[in-house]
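This report concerns one protein model with a bound ligand. Please look at the sequence and the structure below before reading on.

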Amino acid sequence: MKPTQVLMVCLGNICRSPTAQGIFEDRVRCLGLSQFILVDSAGTSGWHIGSPPDSRSCKAALRRGYDLSQQRGRQVSVQDFHDFDYVLAMDGQNLQALKALCPEGFAGHLGLFLEFSRKQTYLEVPDPYHGGSDGFELVLDLIEEAADGLLADILAKRPEVHAQAGPAI
Ligand code: 4NP
């Protein structure tokens with residue numbers, strides 16, 4: 001069974017998209033679906049290639065049980081549109097950058113990650129990099145909500161994957 005591949009994208013790939021990767025991977029793992037749904041993240045900039053996620057993101061995520069420590073920054077590339085089924089931007093600026101990179105004929109889903117949130121109080125995940133700790137908590141809140149919606153979307157489109165899901169641990 002071909003896995004569904006999800007790429008989370010922000011600017012630096014050290015705050016929002018690693019958090020989105022970590023949370024979504026955790027949801028997928030809890031359902032026993034790690035071999036059917038693969039998750040990665042990247043930045044539209046190349047500023048933090050090879051770097052671990054921001055220590056503030058790591059600490060905030062770990063307090064909620066998500067370990068981001070093994071992730072390393074990388075920059076998004078045209079090849080990603082051949083490899084991934086969902087390319088999800090954390091905000092409109094990064095979505096514009098992705099649209100400029102997207103090859104014609106991309107058959108996957110390119111859009112804002114928070115479109116999958118059921119609450120939709122925010123459509124963008126605000127950049128927490130230059131702000132205080134509240135910003136990192138908001139990032140976690142928004143991403144947790146959208147992760148559930150994204151999972152539901154994938155499972156609705158792929159009943160054969162849904163059938164493999166165990167009860168959430
Ligand atoms: P991210 O946050 O896009 O969520 O990873 C940022 C990280 C680094 C910078 C800006 C935003 N920076 O200016 O280096």
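## Cysteines without partners

The sulfur of Cys-58 lies 9.2 Å from the closest cysteine sulfur, that of Cys-15, which is too far for a bond. For Cys-102, the closest cysteine sulfur belongs to Cys-10 at 18 Å, again too far for a bond. A disulfide is a covalent bond between the sulfur atoms of two cysteines; here it is counted when a pair of cysteine sulfur atoms lies within 2.5 Å. The structure holds 0 disulfides.

The model is predicted: local features need pLDDT of at least 70, side-chain atom pairs count only at pLDDT 80 or more, and totals for chains, interfaces and linings use all residues. Residues are numbered from 1 along each chain as its sequence is written, and side-chain values use heavy atoms, with hydrogens and water left out.

Cys-102 has a relative accessible area of 23%, so it is partly exposed. In this report, buried means under 20% relative accessible area, exposed over 50%, and partly exposed in between, with a 1.4 Å probe and protein chains only.

## Helix H2 and its surroundings

Cys-58 is one of the buried residues of helix H2 (residues 55–63), together with Ser-57, Ala-60 and Ala-61. Helices (H or I, at least four residues) and strands (E, at least two) are DSSP runs, numbered from the N terminus. An α-helix has 3.6 residues a turn, so residues three or four places apart point the same way. The buried residues of H2 pack against helix H1 (16–30) and helix H5 (133–157), where contact means heavy atoms within 4.5 Å.

At the start of H2, a side-chain oxygen of Asp-54 comes within 2.8 Å of the backbone nitrogen of Arg-56. After H2 comes Gly-65, with a positive phi near 95°.

## Two loops

Which residues does the loop between E2 and H2 include? Thr-44 lies in this loop, between strand E2 (37–43) and H2, and Trp-47 lies there too. Thr-44 counts as buried because its relative accessibility is 18%, whereas Trp-47, at 62%, counts as exposed. The side chains of Thr-44 and Asn-94 are joined by a polar contact of 2.5 Å. Beyond its neighbours within four places in sequence, Thr-44 is in contact with several residues, among them Val-9, Gln-75 and Leu-98.

Asn-13 is placed in the loop between strand E1 (4–10) and H1. With 2% relative accessibility, Asn-13 counts as buried. Most residues other than glycine have a negative phi. The phi of Asn-13, however, is positive, near 60°.

## The ligand site

Asn-13 and Trp-47 are among the residues around the ligand, as are Cys-10 and Cys-15; a residue is near the ligand if one of its heavy atoms lies within 4 Å of it. The shell divides into 6 nonpolar, 3 polar and 2 charged residues. Ala, Val, Leu, Ile, Met, Phe, Trp, Tyr, Cys and Pro count as nonpolar, Asp, Glu, Lys and Arg as charged, and the others, Gly among them, as polar.

The table gives distances from polar side-chain atoms to oxygen atoms of the ligand.

| Residue | Distance to a ligand oxygen |
|---|---|
| Arg-16 | 2.7 Å |
| His-48 | 2.9 Å |
| Asp-127 | 3.4 Å |

The protein covers 90% of the 350 Å² of accessible area that the ligand has on its own. Accessible areas come from the Shrake-Rupley method with a 1.4 Å probe; for residues, only the protein chains shown count as cover. A polar contact is a pair of N or O atoms within 3.5 Å; within protein, one must be able to donate a hydrogen and the other to accept it, and residues adjacent in sequence count only if both atoms are side-chain atoms.
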